[in-house]
Every structure is written in structure tokens, then in C-alpha cells.
Amino acid sequence: MSTHPSQIAAATTPERLPLTLPRLAEMKRRGEPIVMVTAYDFPSARAVEAAGVDVVLVGDSGAMTVLGHPSTVPVTLDELLVLAKAVRRGLRTPLLVGDLPFGSYEVSDEQAIASAVRFVKEAGCDAVKLEGGGPAAAARARAIIGAGIPVMGHVGLTPQSATALGGYRAQGRSAQDAARIAAQALALQAAGCFSIVFEAIPSQVAEELMTRIEIPVIGIGAGPATDGQVLVFHDLLGIREGLGARFVKRYADLQEAMVAGVAAFAADVRSGAYPEPRHGYSIDREQLRDFRQRLT
Ligand code: KIV
């Protein structure tokens, strides 16, 4: 289905109000689809703001998309804070969520609260996200919420623990594993999370869970039944080599466009076609004569 120009205009009108948590819950109640994307810097923040998305995640996927790591595990809280601050400068209306990276919340409730506070205080995030829904993760979520910071949960394929989950593969494909994910989602809801991400779980499992979850659920590879969908900025715009996971839909091929643009510049420099006179500055003839005399 193509987008009508009026929808684009509505998404970008200056009157669009900042998205609040009550408004997010209202979107779920009304069955209004929630759009979430990741962003990692000022230009991506400006793009998602102009496109009118609802929620922006400074994801630990930035470890791979912008820092070049092979997984999300190595990225540090300090690194993600630099990205989150840049995103904050470019955003006005979407809800901004900072993704707690591996190692920044597992040790204790105190560590989890301290890391979450940094996302809010230093980077201006509205909320944080953490992965997993086992007893420890639910306890961390409860502790952070108790400190006054809203938490988004994340169950199913949780990339920070991909090794323990048997690799980057769909979860919940057996009754037992689906029941494990259901218990985790309910535990996160009971802990007070304002929303949960379901990643890479069977569509039918997500659909069953939707009848039991009262908070907004954002899916990625979880089928159409969830309240909203999230994709990684670089995946949806094709700023990457290779195709990515099955759930990725590519809406542009910016990697190809970037390579073509830089290659055209390189060709122009090598052939002398760039710069042209219009790309340079001039000096008054009198001033030039004077300058030459000063050189002698
Ligand atoms: O880090 C990330 O990009 C994420 C999304 C896939 C939800 O956690």
C-alpha cells in the first residue's frame, strides 16, 4: 500500500506533540499501530523525527550497525551514551528509549539503577530497555522502575544472550520454550514495564500472548498481532552489506547509494571534473596584486 502525501504531511506537522507513556498506552487501547525504529546519531534522529515515528530506541545494535562489532556484546554504556546524546539533539516528539548494554545491569539492582539514571540524566532518554525476563531481569526492571525510570522489556531472541540461546535463531518454537517466553513476558508486565519487545518468536505464539499482555507490545519478527513493529534503521534503509534476518524488510538501498556517491566524487577528483569554478572563492584583483607583492 502506498503512502498518501497527506499522511506524510500529518506525520511531519510541527504541532505533533511529544509522545508520553499514557498516550502510548492509549494507542494500544485504540488499536493504533505503534512505529518504533532505532537511531544512533543526529542525522538518523532527524530522519526518524521527520518521518513521524512514535518510539526511538538507541539500540545496542549500534555495536554492529555503527561501531562495526560482530555482536552487541562489546558495546559499553559510555559508548551508547555518546550515541544517545546525539540522538536526543535531533529528536523532539518520539519517546526516546536507551538500551542498557550487556554488563551494565546484570550485577545488581544498584548497578542497573545507576546505568539507567545515566541514560536519563546525561542523555535525556525518557526510558530504558533491558533484555530477558527471568527472575534476575524482572528484579532489575522492578528496581529501575522503583527509582522512577520507565522500563521496556525484551523477550524471545535476546541478542546479548544469543550464545546461551543457541545462536541468532527464533525462540519459542516448542511448547515448553513458548511457555518460558510467556512466563517472562508476564513477569516483566508484573514488574511494571510500560512495554515489551517480542523478538523472533512464532507469529502464533505472539498472537496467543497478546490476549494476556495489557501493556503495548512491539514486535520484530513476531508477526502482525503485536501492537507495533520495530526495525533497525540500517536494516530498513539497506545501510549494510548482506540481507540480514528473515524479518527485515528493506525500504531503500542507501549502502548502494552511498558507494555510488563516493565513487562518483573519487572519479571527479581523479579526472579533474571537481572542483569547478563555482565551488571556489575569489579575491578582489587589487587585493591579489597586493598579496603577491607581499610574497616577494
Ligand atoms: O538493539 C536493538 O536494535 C534492539 C531492537 C532489535 C529491538 O534491541
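A residue is called buried here when its relative accessible area is under 20%. By that criterion, 44% of the 296 residues in the chain are buried. The model on display is predicted.

**The whole chain**

Begin with the complete chain in cartoon representation. There are 12 helices and eight strands to locate. Along the principal axes, the C-alpha atoms occupy a box of roughly 85 × 45 × 40 Å. Of the contacts between residues at least 6 apart in sequence, 58% join residues at least 24 apart.

**The ligand site**

Select the ligand next, together with the residues around it. The surrounding residues are Thr38, Leu57, Gly59, Asp60, Ser61, Asp99, Lys129, His154, Glu199, Ile220 and Val232. Three of these side chains merit display as sticks, one after another:

- Aspartate 60 places a polar side-chain atom 2.9 Å from an oxygen atom of the ligand.
- Lysine 129 has a polar side-chain atom 3.0 Å from a ligand oxygen atom.
- Aspartate 99 has a side-chain N or O atom 3.1 Å from an oxygen atom of the ligand.

**Helix 6**

Move to residues 109–121, which form helix 6. This helix has 13 residues and spans 18 Å from its first C-alpha to its last, close to the 18 Å expected at 1.5 Å a residue. Colour Ala112, Ser115, Ala116 and Phe119, which are buried. Viewed down the helix axis, the buried residues fall within an arc of 95°, and therefore line one face of helix 6. Glu110 and Lys121, on the other side of the helix, are exposed.

What covers the buried residues of helix 6? The cover includes helix 5 (77–90), strand 3 (95–99), strand 4 (127–129) and helix 7 (135–146).

**Helix 7 and the loop before it**

Continue to helix 7, whose 12 residues reach 16 Å from the first C-alpha to the last, close to the expected 16 Å. Its buried residues are Ala137, Ala138, Arg140, Ala141, Ala143 and Ile144. These pack against helix 6, strand 4, strand 5 (151–156) and helix 8 (175–191). Just after helix 7, select glycine 148, which takes a positive phi of about 95°.

Now select leucine 130, in the loop between strand 4 and helix 7. Because its relative accessibility is 0%, leucine 130 counts as buried. Leaving out residues up to four places away in sequence, leucine 130 touches several residues of helix 7, including Ala137, Arg140, Ala141 and Ile144. Other contacts of leucine 130 include Leu100, Tyr105, Val151, Met152, Gly153 and His154. A distance label from leucine 130 to isoleucine 196 should read 9.5 Å between C-alpha atoms, although the two are 66 residues apart along the chain.

**The nonpolar core**

Which residues have the most contacts inside the largest nonpolar core? They are Val55, Phe119, Ile144 and Phe198, in a core of 73 residues. Phe119 has already appeared among the buried residues of helix 6, and Ile144 among those of helix 7.

Centre the view on phenylalanine 198 and show its surroundings. Apart from residues up to four places away in sequence, its contacts include Val155, Ala185, Ala206, Leu209, Met210, Ile213 and Ile220. Ile220 is also one of the residues surrounding the ligand.

**Two loops with unusual backbone geometry**

Most residues other than glycine have a negative phi, and most peptide bonds are trans. The next two selections depart from these patterns.

Alanine 200 is found in the loop between strand 6 (195–199) and helix 9 (203–210). Although it is not a glycine, alanine 200 has a positive phi of about 50°. With 8% relative accessibility, alanine 200 counts as buried.

Proline 275 lies in the loop between helix 11 (254–271) and helix 12 (285–295). The peptide bond leading from tyrosine 274 to proline 275 is cis, with omega near 0°.

**Two final selections**

Is threonine 158, in the loop between strand 5 and helix 8, buried or exposed? Its relative accessibility is 5%, so threonine 158 counts as buried. Beyond its neighbours within four places in sequence, threonine 158 is in contact with Glu131, Gly132 and Leu165.

Finish at arginine 29, in helix 2 (residues 21–30). Arginine 29 counts as exposed because its relative accessibility is 65%. Its C-alpha atom is separated by 19 Å from that of glycine 153, which is 124 residues away along the chain.

Notes: Residues numbered from 1 in each chain as written. Predicted model: local features only at pLDDT ≥ 70, side-chain atom pairs only at ≥ 80, totals over all residues. Heavy atoms only, no water. Helix = DSSP H or I, 4+ residues; strand = E, 2+ residues; numbered from the N terminus. Expected span 1.5 Å × (residues − 1). Buried < 20%, exposed > 50% of the residue type's maximum accessible area, 1.4 Å probe, protein only. Arc of directions from axis to C-beta. Contact = heavy atoms within 4.5 Å. Core = buried A, V, L, I, M, F, W, Y, C linked by side-chain atoms within 4.5 Å. Near = heavy atom within 4 Å. Polar contact = N/O pair within 3.5 Å; in protein donor to acceptor, adjacent residues only side chain to side chain.
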